[in-house]
Amino acid sequence: MTSSLDHSPFSSGCTGGGPRIGVVLSHGFTGSPHGLRAWAQALAGAGFAVRMPLLPGHGTSWQELARTRWQQWHGALDDAYLELDASCDYVFSAGLSMGGALALRIAATRPVAGVVLVNPGLVIDDPRAPLAGILKLVLKSTPAIGNDILKEGMDEGAYSRTPVAAAHELNKLFKDTIRILPRVTAPVRVYRSTIDHVVSDSSIHALRRGLTHAPLDLVRLENSYHVATLDNDADQIFQGSVEFIRAVVSGVNPERPTASAASTLEATPHEQA
């Protein structure tokens, strides 16, 4: 990580008239608020109150992440939600990758108005995943999964190594989140890159199967990889998120995106690190 990267949390208050709208936003596994800061700023610029915490074990060292549990990550985002809920008329949850799973957990356990996800993770395809609980005793870390970005010169500031103990926690988080997906009733907007080397379409299929009581809208990103909030389609995500949130609050059907998009995905899944 370089000193030019900003891993600090982001917070903004509501501005402008009308309903008070809040958005609780989560970064991904081994990442930090740096990768979503432009998204948070765009939401704040639209007048929304935004809370984006630095999840425990992130923004410091992979060794510290290895000492955290998934309940701590969820707890940090839940605390941020409760802070917004105390002052806003509507609260939305949003996130990238693992942050998408955490945003879905908030939607399954709190009365959110809607959910916005970017390449959400729910399934780890790596065959070593079920063995992570044992492997962590003899293997401390594996190569990094960060910086899957098509746009040149971008750096999400993720860790240089992935702690196996934390990967074990991630797997437990995903499994438990899939279990409670049927509790989600708020509309869900997903921005999905057609090429993603980190999260495969298995996660999207799990999301489709689990959201039995919530409308799901998939928007295809044609020119980005996994960290799409720092990639070529970032503006589409930022503008589309604001439009989706305003449509939900206004009672307008938000299921069809205004940008060119498709609600179907290629059947061939991409490899997950």
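This report describes the overall make-up of a predicted model and then turns to two helices, one loop residue and a pair of cysteines.

**Overall make-up**

The protein holds eight helices and nine strands, and of its 273 residues 57% count as buried. Among contacts with a separation of 6 or more, 76% are made by residues 24 or more positions apart. The exposed surface comes to about 11,100 Å², of which carbon and sulfur atoms supply 52%.

**Helix α3 against helix α6**

Helix α3, residues 70-85, packs on α6 with the two axes 8 Å apart and at an angle of about 60 degrees, and the two helices are therefore oblique to each other. On the α3 side the contact is made by Trp-70, Gln-71 and Trp-73, which meet Ala-166, Glu-169, Leu-170, Lys-172, Leu-173 and Asp-176 of α6. Sorted by class, this contact has five nonpolar, one polar and three charged residues.

**Phe-29**

Phe-29 lies in the loop between β2 (21-26) and α1 (37-45), and with a relative accessible area of 8% this residue is buried. Once neighbours within four places in sequence are left aside, the contacts of Phe-29 include Trp-73, Ala-166 and Leu-170, three residues that also take part in the meeting of α3 with α6. Other contacts of Phe-29 are with His-58, Leu-65, Met-98, Ile-145, Thr-162 and Ala-167. Leu-96 stands 67 residues from Phe-29 in sequence, while the C-alpha atoms of the two are 9.0 Å apart in space.

**Helix α7**

Within helix α7 (residues 201-210), the buried residues are Asp-201, Ser-203, Ile-204, Ala-206, Leu-207 and Gly-210. An α-helix has 3.6 residues a turn, so residues three or four places apart point the same way. The cover over the buried residues of α7 comes from both helices and strands, including α4 (98-109), α6 (164-180), β5 (114-118), β8 (188-193) and β9 (216-221).

**Cys-14 and Cys-88**

The structure holds zero disulfides. Cys-14 is in none, and the nearest cysteine sulfur, that of Cys-88, is 4.1 Å away; because a disulfide requires the two sulfur atoms to be within 2.5 Å, this pair does not count as one. The burial of the two cysteines is set out below, together with that of Phe-29.

| Residue | Relative accessible area | Class |
|---|---|---|
| Cys-14 | 34% | partly exposed |
| Cys-88 | 8% | buried |
| Phe-29 | 8% | buried |

Technical notes: Residues numbered from 1 in each chain as written. Predicted model: local features only at pLDDT ≥ 70, side-chain atom pairs only at ≥ 80, totals over all residues. Heavy atoms only, no water. Buried < 20%, exposed > 50% of the residue type's maximum accessible area, 1.4 Å probe, protein only. Helix = DSSP H or I, 4+ residues; strand = E, 2+ residues; numbered from the N terminus. Contact = heavy atoms within 4.5 Å. Axes fitted to C-alpha atoms, helices over the stretch in contact; angles between N-to-C directions. Parallel < 35°, antiparallel > 145°, perpendicular 65-115°, else oblique. Nonpolar A, V, L, I, M, F, W, Y, C, P; charged D, E, K, R; others polar. Areas by Shrake-Rupley, 256 points an atom, 1.4 Å probe, with all protein chains shown as cover.
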